[in-house]
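Here is a short report on helix packing and internal cavities. Have the sequence and the model open as you read.

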Amino acid sequence: MRGRRVAGTVLAVLLLAACLRAPVTSVGPLLERVGEETGLGASALGLLGALPVIGFGVGSALVHRPAQRYGLERVLALALVVLAGAVVLRSLPLAGALWVGTALIGTAAAAGNVLAPAVIKRDHPGAIVLLTACFTAVMTVTAATASGLAVPVSDAWGGGWRLPLGALAALVAPVALLWVVRAARSPAPLPVAAPRDGAPVRAVTMWRSPSAWAVSAFMGLQSAVFFTLATWLPTVEVSLGLDARAAGWHLFVLQLVGMLAGLVLSTHMRGRSDLRGTGVVISLCIVAAMAGLALAPGLALAWVALAAVGTGSSLVLALSLLGLRTAHAGHTAQLSSMAQTVGYAIAACGPLLAGWVGGTFSWDLVLLLVGALGVAQLVLVLRAARPGLVMGR
């Protein structure tokens, strides 16, 4: 019976992961078509790409206290129902639906971003790195598939963008139903803060901890790199002479190779307390890939694969730090809420700034911007990934 319960929890968490990125990453390959139909310019499209990330930050700030009061399952179930509705709303030909639906997608997905590490810490404290890697792998595979299929599905539908984006509701809705059933079967809210030994957890404020700020900044920089590339990489590559369909599949490669890199990293991280060297290496992969794309665009696929090693590994490292550097699931939820609130506020600037830079000056400069973010990430990881627990005050 316990084995079935553990397997059920793992499956539910992995299905949750499948819903959190695909509605966001599917937009990048279709941005040009969205602009053609709606008349939006590069800056407005950059804002559209940043809007889910802004929603991640807003939702991350709001989700911790409801989870404490009502339980993880109930909050996650509600968030998934909202996410399914938002995916449908975004694709409807109604005034404002594109913007409102896109904003709601980010806000709803934030619950999964914040609370999944707490679920993993609470239910599987001995397998944080492995399950985090599996979580990010599933999240990445579904996101990559959505990116790769966006243009072909759009072409098959006469070049429209609404069907490829709205069809993702078929992925989210069944998972929402699963979590609604799980929430209904929970007789009482499941605590996020109770450790296994039953001892009370000391209330802390992560916002006063320098180490928590370092983890949060690292989360933000790695997210800014990923979402900037997820939004604008196809556009940048088309400006360098690549075919639009090939550029869309390069976004698929970015995420698929990133998933594999994250799984490999999870085996490397197991049992290690000092992860600073690892963080430096994966940050250098991002910097080198952007330089390669700028200087030798004919080898774009190789440079995208190298960037994928950096972005995929950075995500696994960032999410793992939330559990590895906290003592209990309650502290994990607190650090996760702070890190993703601050982190996605930073990350939202990436697509927005890249859209302005590319539209105003040159799309080549977007590669310089992402490379600079990689350098900043390298500096921050020296504090974020050092040994020891993050101690709130």
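A residue is called buried when its relative accessible area is under 20%, exposed when that area is over 50%, and partly exposed in between. The model is predicted.

**Helix 15**

With that cut-off, start at helix 15. Its buried residues are Val366, Leu367, Leu369, Val370, Gly371, Leu373, Gly374, Gln377, Leu378, Val381 and Ala384. What covers them? The cover includes helix 10 (210–239), helix 12 (276–295), helix 13 and helix 14 (329–360).

The length of helix 15 also checks out. It runs over residues 364–384, which is 21 residues. At 1.5 Å a residue these should span 30 Å, and the end C-alpha atoms are 30 Å apart, so the two values agree.

**Ser314 and Gln377**

One of the buried residues of helix 15 is Gln377. Its side chain makes a polar contact with the side chain of Ser314, at 2.8 Å. Ser314 belongs to helix 13 (residues 300–324). Is Ser314 buried or exposed? Its relative accessibility is 0%, so Ser314 counts as buried. Leaving out residues up to four places away in sequence, Ser314 touches Phe218, Gln222, Ile282, Ile286 and Gln377.

**Helix 14**

Helix 14 is part of the cover over helix 15. Helix 14 is itself mostly covered, with 24 of its 32 residues buried. From first C-alpha to last, helix 14 reaches 46 Å, close to the 46 Å expected at 1.5 Å a residue.

**Two partly exposed residues**

Not every helix residue is buried. Ala294 lies in helix 12. Its relative accessibility is 44%, so Ala294 counts as partly exposed. Ala294 and Asp364 are 70 residues apart in sequence, yet their C-alpha atoms are 6.6 Å apart in space.

Pro210 sits in helix 10. Its relative accessibility is 39%, so Pro210 also counts as partly exposed. Pro210 and Ala143 are 67 residues apart along the chain, and their C-alpha atoms are separated by 33 Å.

**Cavities**

How many cavities of 30 Å³ or more are there? The count comes to eight. The largest has a volume of about 200 Å³. It is lined by 19 residues, and Thr140, Phe226, Thr311, Gly312 and Leu315 are the closest to its centre. Helix 7 (128–156), helix 10, helix 11 (244–269) and helix 13 each supply at least two residues of this lining. Which helix gives the largest share? Helix 11 does, with five residues.

The second largest cavity holds about 90 Å³ of space. Helix 2 (22–25), helix 4 (42–70) and helix 10 are the elements that give two or more residues to its lining. The lining residues are Val24, Thr25, Val27, Gly28, Leu48, Gly49, Pro52, Thr102, Phe227, Ala230 and Thr231.

The table sets out the linings by class.

| Cavity | Nonpolar lining residues | Polar lining residues | Charged lining residues |
|---|---|---|---|
| Largest cavity | nine residues | nine residues | one residue |
| Second largest cavity | six residues | five residues | no residues |

**Where the threads meet**

Helix 10 turns up in several places. It helps cover the buried residues of helix 15. It supplies at least two residues to the lining of the largest cavity. It also gives two or more residues to the lining of the second largest cavity. Helix 13 holds Ser314, and helix 13 supplies at least two residues to the lining of the largest cavity.

Methods: Residues numbered from 1 in each chain as written. Predicted model: local features only at pLDDT ≥ 70, side-chain atom pairs only at ≥ 80, totals over all residues. Heavy atoms only, no water. Helix = DSSP H or I, 4+ residues; strand = E, 2+ residues; numbered from the N terminus. Buried < 20%, exposed > 50% of the residue type's maximum accessible area, 1.4 Å probe, protein only. Polar contact = N/O pair within 3.5 Å; in protein donor to acceptor, adjacent residues only side chain to side chain. Contact = heavy atoms within 4.5 Å. Expected span 1.5 Å × (residues − 1). 1 Å grid on protein atoms, 1.4 Å probe; cavity = no way out; pocket = protein on both sides within 12 Å on 5 of 7 lines; lining within 4 Å. Points joined across faces, edges and corners; volume = space filled by probe spheres on them. Nonpolar A, V, L, I, M, F, W, Y, C, P; charged D, E, K, R; others polar.
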